[in-house]
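Grab a pencil and work through the exercises below with the structure open beside you. Try each task before you read its solution.

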Amino acid sequence: MLGLNDNMLDWLSLEWFNLGTMRSFDWVYPLVLYALPVVPLLFLIKGLLRLKSRSKLDMAMFEGTVRWQWSSLLRFVPDVVYMLFVMLVLLALARPQRINEQVEQTAEGIDIVLVLDVSGSMELQDIKPSRLEAAKDVAINFIDGRVADRIGVVVFAGDAYSLAPLTTDYELLRESIRSIENGMIPNDGTAIGSALAVAINRMRDSNAKSKVAILISDGENTAGSLDPTMAARLAYAHQIKVYTIGIGKDGLVPYDVDANGKTLLVETQLDEKSLREISETGEGRFFRADSRDGLQEVFQNINQYEKTEVREKRFRDTYDYYQVYLKWALLLLVGWMLLKNTFMTNVLED
């Protein structure tokens, strides 16, 4: 639909009276529209009252029938024109508008590195389908809830590697996490200190307002050349918060099923003390997750602690279209005045 400024004769288009056009408007005073059907009703009542009160004169006529002429309807033209004039004034009073609203969002994101244990013990099935698969699914859900944050992924067992750099390409991150599997690092073990060092190396030159490392592990440090507590001190020096998540249950947990269908169990113990110490040194928090729901809740808590502020600006352009209907109303008013105050009046009433 063309705007009023595009062409001075656009208002003459009958498209303004199209039902679709009417529905596309935002009406400032929509209650006025309820008066529209009342207008023809008032004119009908006025016509009936005039018909009953009209003076009658007895007169003699020649015998025969009087034929109805369609031209007799012309006497109603002035009233119809005036009725349309009133209805158009009401449309203008309802003030039709179109609003073009644009939303601009800006956010100062934070840097987050997910540090995920992929050692053999992550195959344990005390969290279904396994500790690793549960951690992957929850990590993907965590990524889905972030806005404008750069996220990276580090995996570790006996060695630590950067799987994905800090990026806002969340689809790449999701694909990277889905590709994680047990045995992808040949050297088994749990090199927590080395994994934190890789995460720190990714973020040390970052200018983000907040830098966070989220460590997910189910065991104690058994590999690597860097002590985890020392790695946490390095993180603190680079203003990186370290959240640690201890995943899994202690004691006998399911590991596999033998050829006879019997569930195999293995003894496991989480080094909670070390993980707590790492998080306290890194000014983060320690969480224990012994179920899938618990792990999901942990990530929701972290999501609240490390929330990215999104600023929103709204731009509204409002275009009024009441002038269109007001111009039509004035045109009909002029037409009505010509009909009522010229020789055409007598012609129409005869």
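**Exercise 1.** Sort D144 into buried, partly exposed or exposed, then find its salt-bridge partner.

Solution. Start with the cut-offs: buried is under 20% relative accessible area, exposed is over 50%, and partly exposed is in between (1.4 Å probe, protein chains only). D144 has a relative accessible area of 44%, so it's partly exposed. Next, look for a partner: a salt bridge needs a side-chain nitrogen of Lys or Arg within 4 Å of a carboxyl oxygen of Asp or Glu. The side chain of R174 fits, with 2.6 Å from N to O. This pair ties together distant parts of the chain, since D144 sits in helix 4 and R174 in helix 5 (residues 170-178), 30 residues apart. Helices here are DSSP runs (H or I, at least four residues), as are strands (E, at least two), numbered from the N terminus. Finally, check R174: at 17% relative accessibility, it counts as buried.

Before you go on, a word on the model: it's predicted, so local features need pLDDT of at least 70 and side-chain atom pairs count only at pLDDT 80 or more, while totals for chains, interfaces and linings use all residues. Residues are numbered from 1 along each chain as its sequence is written, and side-chain values use heavy atoms, leaving out hydrogens and water.

**Exercise 2.** Compare the salt bridge of E133 with that of D320: which partner does each have, and where do the partners lie?

Solution. Take E133 to begin with. Its partner is K136, with the closest N and O atoms 3.2 Å apart. Both lie in helix 4, three residues apart, which is about one turn of the helix. E133 is partly exposed at 29% relative accessibility, whereas K136 is buried at 6%.

Now D320. It pairs with R95, the closest N and O atoms being 3.1 Å apart. Here the chain is bridged over 225 residues, from D320 in strand 11 (residues 310-320) to R95 in the loop between helix 3 (77-93) and strand 2 (96-107). R95 is partly exposed, at 31%.

To finish, put these in context: the count comes to 13 salt bridges, and D250, E272, R276 and R288 are linked in a network of them.

**Exercise 3.** Is I151 buried or exposed, and what does it touch?

Solution. Find I151 in strand 4 (residues 150-156). Its relative accessible area is 0%, so it's buried. Then list its contacts (heavy atoms within 4.5 Å). Skipping neighbours within four places in sequence, they include I112, L114, P165 and Y170. L114 is 37 residues away in sequence, yet the C-alpha atoms are 7.5 Å apart.

**Exercise 4.** How many cavities of 30 Å³ or more does the whole structure hold, and what lines the largest cavity?

Solution. A cavity is a set of points on a 1 Å grid over the protein atoms alone where a 1.4 Å probe fits but cannot get out; lining residues have an atom within 4 Å of a point. Points are joined across faces, edges and corners, and the volume is the space filled by probe spheres set on them. The search finds one, with a volume of about 40 Å³. Its lining is L114, L116, K136, A139, V153, I177, I180 and I216. Strand 3 and helix 4 each supply at least two of these residues.

How values were computed:
1 Å grid on protein atoms, 1.4 Å probe; cavity = no way out; pocket = protein on both sides within 12 Å on 5 of 7 lines; lining within 4 Å.
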